[in-house]
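Colleague: Could you take me through one part of this model in close detail, the nonpolar core, and then show me how the rest of the chain sits around it? Keep it informal, but stay with what the coordinates say.

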Amino acid sequence: MSLLSWRSQVRNVKSHLVNLVFPPVCVCCRKVGAILCQDCLEQVKWMEEPICQSCGCTVLNSSRLCSNCLKRPLPLNQIRAAVLFDTIIPDTIHQMKYRNAFALAEPLGMLMVNAWSKWQTHIDMVIPVPLHAQRQKKRGYNQSALLVNTFCQELSLVSNQQILFRTRKTPPQVGLNAKERRTNVTGAFSVQNPHLVKGGNILLVDDVCTTGATLMAAAEVLLAAGANTVSAYCLARAM
Ligand SMILES: [Zn+2]
Ligand SMILES: [Zn+2]
């Protein structure tokens, strides 16, 4: 047995022991057994057609593009999401982000894995939407990077967290309208190591998509750095 697999066996045994002594509790219903139980997972509402073929928002009929995308075409090839920002999802994401429940990134990342076959597009590299360094230090982790870890591991995709950075600290987007959101994140991102994105098809990953303003700002700098296409895939769609 190699040292690496021996170490992972030890880690597995350790986590089994921890689970025996401190069994995980569902963050939604407090049932003992899993951090997100099967009953709660079954309440999730999957994103379904008809959606806008560009921004992925729900549309009433199967028109190809929504009125926003007709007026102002996205710099991204497509935005897609695994589930609706509804039922257990808003509170579960809140716990993952603000209450240190980072272990939720695994079951939530699996929702993204399970829905990917429906929305997949050709990609070369996955990049999480970064937090500003100060915010990440305060939180201790970037929830989108954790989702990317599960997503890429399960689907054998390549990710890189040394390309896209948030260089301007922006106030949270909550409570702002679409136009204010765009202004708020303009110039917030920068690209390092642009040779790594040149000609590549990039997939941006974030936890929640509302108006897409953050994804647009991030896509613009990646395209300016020479990316061939930028698409986005989020855990949940809020609008
Ligand atoms: Zn539950
Ligand atoms: Zn649209």
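**The nonpolar core and its surroundings**

Modeller: The largest nonpolar core has 60 residues, and the ones with the most contacts inside it are L147, L204, V205, L215, A218, L222 and L235. Helix α9 (residues 213–224) gives this core its largest share, eight residues. The core also draws on both domains, with at least three residues from each of domain 1 (1–42) and domain 2 (48–237). Keep in mind that this is a predicted model. As background, nonpolar side chains in soluble globular proteins tend to be buried together.

Let's start with L222, one of the residues with the most contacts in that core. If you skip its neighbours within four places in sequence, L222 is in contact with L164, V191, V197, I202, A227 and V230. Two of those partners take us to strands: I202 falls in β5 (residues 201–209), and V230 falls in β6 (residues 229–237).

So to β5 next. Eight of its nine residues are buried, so the strand is largely enclosed by the rest of the structure. On one hand, β5 is joined to strand β2 (residues 125–128) by four bridges, with the two running parallel; there I127 stands opposite L204 of β5, and L204 is again among the core residues with the most contacts. On the other hand, eight bridges join β5 to β6, also in parallel. In that pairing, D206 has C234 of β6 as its bridge partner.

From β6 you can step across to β1 (residues 79–84), since these two pair in the parallel sense over five bridges. V83 has A236 in β6 as its bridge partner. Strand β1 is largely enclosed by the rest of the structure too, because five of its six residues are buried.

Now look at I89, which sits in helix α4 (residues 89–98). I89 counts as buried because it has 24 other C-beta atoms within 10 Å, where the cut-off is 20 or more. Leaving out residues within four places in sequence, I89 is in contact with V44, V83 and A236, and V83 and A236 are the bridge partners we just met. I89 and A236 are 147 residues apart in sequence, yet their C-alpha atoms are 7.7 Å apart in space.

Follow the chain past β6 and you get to A238, in the segment after that strand. A238 has 16 C-beta neighbours inside 10 Å, so it counts as partly exposed. Not counting residues up to four places away, A238 touches F85, V208, C209 and T210. G212 is 26 residues from A238 in sequence and 10.0 Å from it in space, C-alpha to C-alpha.

Back to the two domains. The C-alpha centres of domain 1 and domain 2 lie 28 Å apart. Six residues from domain 1 and eight residues from domain 2 make up the contact. On the domain 1 side, the residues that touch domain 2 are six nonpolar, no polar and no charged.

A few backbone details outside the core deserve a look. Most residues other than glycine have a negative phi, and most peptide bonds are trans. R30 is not a glycine, but its phi is positive, about 70°. R30 lies in the loop between α1 (3–21) and α2, and with 8 C-beta neighbours inside 10 Å it counts as exposed. S156 is another non-glycine with a positive phi, about 50°. You'll find S156 in the loop between α7 (143–155) and β3 (164–166), and it is exposed, with 6 other C-beta atoms within 10 Å. Then there's the peptide bond from E49 to P50, which is cis, with omega near 5°; P50 belongs to the loop between α2 (38–41) and α3 (67–71).

Finally, zoom out. The chain has nine helices and six strands, and its C-alpha trace spans about 55 × 40 × 35 Å along the principal axes. A compact globule of 239 residues would have a radius of gyration near 18 Å, and the chain has 18 Å, which agrees. Buried residues make up 34% of the 239. Of the contacts with a separation of 6 or more, 72% are between residues 24 or more positions apart.

Methods. Residues are numbered from 1 along each chain as its sequence is written. Chains are lettered from A and ligands numbered from 1 in the order in which they are written. This is a predicted model: local features need pLDDT of at least 70, side-chain atom pairs count only at pLDDT 80 or more; totals for chains, interfaces and linings use all residues. A residue is buried if 20 or more other C-beta atoms lie within 10 Å of its own, exposed if 12 or fewer, and partly exposed in between; C-beta atoms are placed from the backbone. Two strands pair if DSSP finds at least two bridges between them. Domain bounds come from an automatic or database domain assignment. Two residues are in contact if their C-beta atoms, placed from the backbone, lie within 7 Å. Ala, Val, Leu, Ile, Met, Phe, Trp, Tyr, Cys and Pro count as nonpolar, Asp, Glu, Lys and Arg as charged, and the others, Gly among them, as polar. A nonpolar core is a set of buried Ala, Val, Leu, Ile, Met, Phe, Trp, Tyr and Cys residues joined through C-beta atoms within 7 Å. The radius of gyration is taken over C-alpha atoms; the globule rule is 2.2 Å times the number of residues to the power 0.38.
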